[in-house]
Amino acid sequence: MENLNVVIDISEKDKLLLIKLIGSVDHHTAREAREKIDSSIKRGRIKTVILDLGEVEFMDSSGLGLILGRYARVCDLGGKFILKGISDEIMKIIRLAGIEKFIPIEKNGGNNNEKKSEKQLQA
C-alpha cells in the first residue's frame, strides 16, 4: 500500500533508473521510498540513477538519509547518482548537509547524454 504523503514514480530503461518523488519525504514515507528504490536498483544492472526531487514539497533528515543511502548503494555498484529538479527550499537542506559537494546536481536539464536517456525512458 502506498503512503498518501509521497508518490514514487520509477522508470527504467536500459541502464538508467529515473526516480521521481512527489509530496513529502519524511520519517513517515522514507522507508517505503527506500524499499522501492532499492528493489529497482537490485533488479537491473543500473549504471545511472537520477533522483528527481522537483515535486518534493517537504523533506526532513529522513529524506537526507534516503538520498545518502541510495547514493552509497549506487556508488558501491559502480554507478552514477544524480539529483535533479531541486527547489530552493529543498536545496537549502541539501546545502546544510553538504550533499552538493559530492553528489552531482543537475540544473536546467542536465547534459545531453542524460537528456537523451530521459527521453528514451519516456518513449
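User: Let's start with contacts that span the sequence. Of those between residues at least 6 apart in the protein, what share joins residues at least 24 apart?

Analyst: It's 70% of them. Keep in mind that this is a predicted model, so read everything here as computed from that prediction.

User: Fine. Which elements does the chain run through, from the N terminus on?

Analyst: The order is β-β-α-β-α-β-α-β-α, and that comes to four helices and five strands. Of the 123 residues, 41% are buried. The protein exposes about 7200 Å², with carbon and sulfur atoms supplying 47% of that area.

User: How do I read the strand pairing? In what sense do β1 and β2 pair, parallel or antiparallel?

Analyst: Look at the bridges between the strands. Strand β1 (residues 6–13) and β2 pair in the antiparallel sense, over eight bridges. If you want a spot to check, serine 11 stands opposite leucine 18 in β2. The two strands form a hairpin with two residues between them.

User: And in what sense does β2 pair with β3, parallel or antiparallel?

Analyst: Parallel, over nine bridges, with β3 spanning residues 48–59. One pair to find on screen is valine 25 and its bridge partner in β3, methionine 59. Now add helix α1 (residues 30–43): β2, α1 and β3 make a right-handed β-α-β unit. As for β2 itself (residues 16–25), eight of its 10 residues are buried, so call that strand mostly covered.

User: Back to the hairpin. What should I look for in backbone angles there?

Analyst: Start from the general idea: most residues other than glycine have a negative phi. Then go to the loop between β1 and β2, where you'll find aspartate 14. Its phi is near 55°, a positive value in a residue other than glycine. Aspartate 14 is also exposed, at a relative accessible area of 61%.

User: Where does a glycine take a positive phi?

Analyst: Just after α3, at glycine 98, with a phi of about 80°.

User: Then let's do α3. How do I read the sides of a helix?

Analyst: The general idea is that an α-helix has 3.6 residues a turn, so residues three or four places apart point the same way. Here, α3 covers residues 88–97, and Ile90, Met91 and Ile94 are buried in it. Those three sit on the same side of α3, because they cover an arc of only 100° around the axis.

User: Which exposed residues are on the face turned away from that buried side?

Analyst: Asp88, Glu89, Lys92 and Leu96. Note the leucine in that exposed set.

User: What do the buried residues of α3 pack against?

Analyst: They pack against β3, α2 (61–76), β4 (80–84) and β5 (105–106).

User: How many residues are in the largest nonpolar core, and which have the most contacts inside it?

Analyst: That core has 27 residues, and Leu21, Ile67, Leu83 and Ile94 have the most contacts inside it. At least two residues of this core come from each of β1, β2, α1, β3, α2, β4 and α3. The largest share, five residues, belongs to β3.

User: Pick isoleucine 67. Leaving aside neighbours within four places in sequence, which residues is it in contact with?

Analyst: You'd list Leu51, Leu53, Met59, Phe81, Leu83, Ile94, Ile99 and Ile103. Met59 should ring a bell as the bridge partner of valine 25, and Ile94 as one of the buried residues in α3.

Terms used:
Residues are numbered from 1 along each chain as its sequence is written. This is a predicted model: local features need pLDDT of at least 70, side-chain atom pairs count only at pLDDT 80 or more; totals for chains, interfaces and linings use all residues. Side-chain values use heavy atoms; hydrogens and water are left out. Buried means under 20% relative accessible area, exposed over 50%, partly exposed in between (1.4 Å probe, protein chains only). Two strands pair if DSSP finds at least two bridges between them. A crossover is right-handed if, with the strands pointing away from the viewer, the path from the first strand over the helix to the second runs clockwise. Contact means heavy atoms within 4.5 Å. Accessible areas come from the Shrake-Rupley method with a 1.4 Å probe; for residues, only the protein chains shown count as cover. The arc is that of the directions from the helix axis to the C-beta atoms. A nonpolar core is a set of buried Ala, Val, Leu, Ile, Met, Phe, Trp, Tyr and Cys residues joined through side-chain atoms within 4.5 Å.
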